[in-house]
Amino acid sequence: MGGDYAPEEAIKGVQLFFEQMPDSSVHLLLIGNAIAAAPYLSLLEPYHHRYTFIEAAEVIGMHEHPTKALKEKPNSSIAIGFGLLLKGKADAFLSAGNTGAMLVGAMYSVKSIEGILRPTIATPMPRVDGGYNFLLDVGINADCKPEHLVQFAQLGSLYAKYVLGIDQPRVALLNIGEEEGKGNILAQATYPLLKELTDINFVGNVEGRDIFLDRAEVIVCEGFVGNVAIKMAESIYEILKVQKGINDPFLENFNFEKYGGTPILGINSPVIIGHGISHAFAFRNMIETAGKFISSGLTKAIKENFKLPEA
């Protein structure tokens with residue numbers, strides 16, 4: 001029920017996934033308002049054995065207060081989804097609904113992995129060579145301490161290794177200069193900590209102009225800077241592709257629908273947050289991303305990496 005075009009585009013995305021993955025063993029739990037979904041569920045009749053519809057009478061709006069909405073609407077699709085995830089009746093949960101409610105639900109239901117100071121969200125940034133770099137944090141941690149950025153680097157490195165299949169992902173700190181000692185107090189304090197880590201391949205500072213280049217697969221920053229960066233990237237696509245009508249393979253990679261959603265890293269179960277303006281193609285890709293997340297064993301790897309030493 002989440003997103004500007006719900007539930008039509010979500011159901012069409014499920015249809016697209018089923019059409020393109022005919023032999024998939026994935027069974028989807030579709031949580032929503034039966035009356036609102038009824039006009040579109042007929043699209044899924046050929047695949048009735050591949051999904052289960054779960055009634056959710058309430059809907060959390062995009063502008064509702066997250067904590068208040070989750071408390072007052074226990075029968076919403078977001079609340080029910082996190083309940084299924086917490087009880088182990090679902091392996092992953094994805095939604096393009098209220099981002100705040102998704103974050104609050106993740107923190108207070110499946111919770112952070114022990115040892116994680118703050119979960120983080122990350123997003124792919126297209127490179128000129130056709131690949132992607134992974135930028136984090138991109139919005140939920142606007143104010144950070146050096147130890148937070150260190151954990152973001154570790155989480156991003158693990159994601160790149162287990163989900164993206166990069167054996168030794170290069171990790172860089174986003175800064176205003178390449179030289180060690182550059183930047184604000186946060187960057188200056190974070191650099192030596194990253195340099196000392198033995199479990200990541202730290203390659204130093206990168207600048208804003210390097211985000212789209214093959215300099216590092218994982219780029220770390222606080223959420224304020226990261227969110228500004230991704231919103232700028234989205235505007236590049238909107239201006240050049242949609243408004244100017246320019247067609248270019250590199251430009252196409254700025255379309256967020258190609259990767260579907262953003263994973264929350266550092267919590268006990270896979271959760272994917274989609275863009276509020278997601279269409280069918282984005283939902284289809286969100287489902288595929290969730291499947292890769294589950295099969296990769298990333299959550300287990302994070303738990304092992306951040307396991308606290310026994311007393």
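Student: How much space lies in the largest pocket?
Tutor: The largest pocket of this predicted model holds about 810 Å³ of space.

Student: Which residues are closest to its centre?
Tutor: The largest pocket is lined by 33 residues, and Leu28, Leu29, Leu30, Ala92 and Leu94 are the closest to its centre.

Student: And which helices and strands supply at least two residues each of that lining?
Tutor: Three helices do so, α1 (8-20), α4 and α10 (280-296), along with the strands β1 (28-32) and β3 (93-95).

Student: What classes of residue are in the lining of the largest pocket?
Tutor: Its lining has 23 nonpolar residues, eight polar ones and two charged ones.

Student: α1 and α10 both came up there. At what angle do those two pack?
Tutor: The angle between α1 and α10 is about 60°, and their axes are 7 Å apart. The two helices are therefore oblique to each other. The crossing of α1 past α10 is right-handed.

Student: Which residues make the contact?
Tutor: From α1 there are Glu9, Ala10, Lys12, Gly13, Val14, Leu16, Phe17 and Gln20. From α10 there are Ala280, Phe281, Phe283, Arg284, Ile287 and Glu288.

Student: How many of those are charged?
Tutor: Four residues in the contact of α1 with α10 are charged, while eight are nonpolar and two are polar.

Student: Staying at that end of the chain, which peptide bond is cis just before α1?
Tutor: The bond from Ala6 to Pro7 is cis, with omega near -5°. Pro7 is placed in the segment before α1.

Student: Where is the cis bond that involves Asp137?
Tutor: That bond runs from Leu136 to Asp137 and has omega near 5°. Asp137 belongs to the loop between β5 (132-136) and α6.

Student: Why point these bonds out?
Tutor: Because most peptide bonds are trans.

Student: OK, back to α4. How does it pack with α5?
Tutor: Helix α4 (residues 77-86) and helix α5 (residues 99-110) have axes 10 Å apart, at an angle of about 30°. That angle makes α4 roughly parallel to α5. The handedness of their crossing is right-handed.

Student: Which side chains or backbones meet there, by residue?
Tutor: On the α4 side the residues are Ile78, Phe82, Leu85 and Leu86. They meet Ala101, Met102, Gly105, Ala106, Ser109 and Val110 in α5.

Student: And how do they divide by class?
Tutor: The contact of α4 with α5 has eight nonpolar residues, two polar ones and no charged ones.

Student: What does Lys111 look like, in the loop after α5?
Tutor: Lys111 sits in the loop between α5 and β4. Its phi is positive, about 65°, although Lys111 is not a glycine. Most residues other than glycine have a negative phi.

Student: What about α6 and α7, how do they cross?
Tutor: The axes of helix α6 (residues 146-162) and helix α7 (residues 185-196) come within 9 Å and cross at roughly 50°. α6 and α7 are therefore oblique to each other. α6 passes α7 in a right-handed crossing.

Student: Who is in that contact?
Tutor: α6 contributes Pro146, Leu149, Val150 and Ala153, and α7 contributes Leu186, Ala189, Thr190, Leu193 and Leu194. By class, eight residues of the contact of α6 with α7 are nonpolar, one is polar and none is charged.

Student: Next topic. How much space lies in the second largest pocket?
Tutor: About 500 Å³. The second largest pocket has 27 lining residues, with Ile230, Lys231, Glu234, Thr262 and His275 nearest its centre.

Student: Which elements supply at least two residues each there?
Tutor: For the second largest pocket these are β4 (120-126), α8 (223-243), β9 (261-265) and β10 (271-274).

Student: How does that lining divide by class?
Tutor: The second largest pocket is lined by 13 nonpolar, twelve polar and two charged residues.

Student: Last one. How many cavities of 30 Å³ or more does the structure hold?
Tutor: The structure holds one. The largest cavity has a volume of about 50 Å³.

Student: What lines the largest cavity?
Tutor: The lining is made up of Met1, Gly2, Val59, Ile60, Ser76, Ser77, Ile78, Ser95, Gly97 and Asn98. Six residues of the largest cavity's lining are polar, four are nonpolar and none is charged. Ile78 also appears in the contact of α4 with α5.

Note on methods. Residues are numbered from 1 along each chain as its sequence is written. This is a predicted model: local features need pLDDT of at least 70, side-chain atom pairs count only at pLDDT 80 or more; totals for chains, interfaces and linings use all residues. Side-chain values use heavy atoms; hydrogens and water are left out. Axes are lines fitted to C-alpha atoms, for helices over the stretch in contact, and angles run from 0 to 180 degrees between N-to-C directions. Helices (H or I, at least four residues) and strands (E, at least two) are DSSP runs, numbered from the N terminus. Angles under 35 degrees count as roughly parallel, over 145 as roughly antiparallel, 65 to 115 as roughly perpendicular and the rest as oblique. A crossing is left-handed if the near helix is turned anticlockwise from the far one by less than a right angle, and right-handed if clockwise. Contact means heavy atoms within 4.5 Å. Ala, Val, Leu, Ile, Met, Phe, Trp, Tyr, Cys and Pro count as nonpolar, Asp, Glu, Lys and Arg as charged, and the others, Gly among them, as polar. On a 1 Å grid over the protein atoms alone, a cavity is a set of points where a 1.4 Å probe fits but cannot get out, and a pocket is an open set with protein on both sides within 12 Å along at least five of seven lines; lining residues have an atom within 4 Å of a point. Grid points are joined across faces, edges and corners, and a volume is the space filled by probe spheres set on the points.
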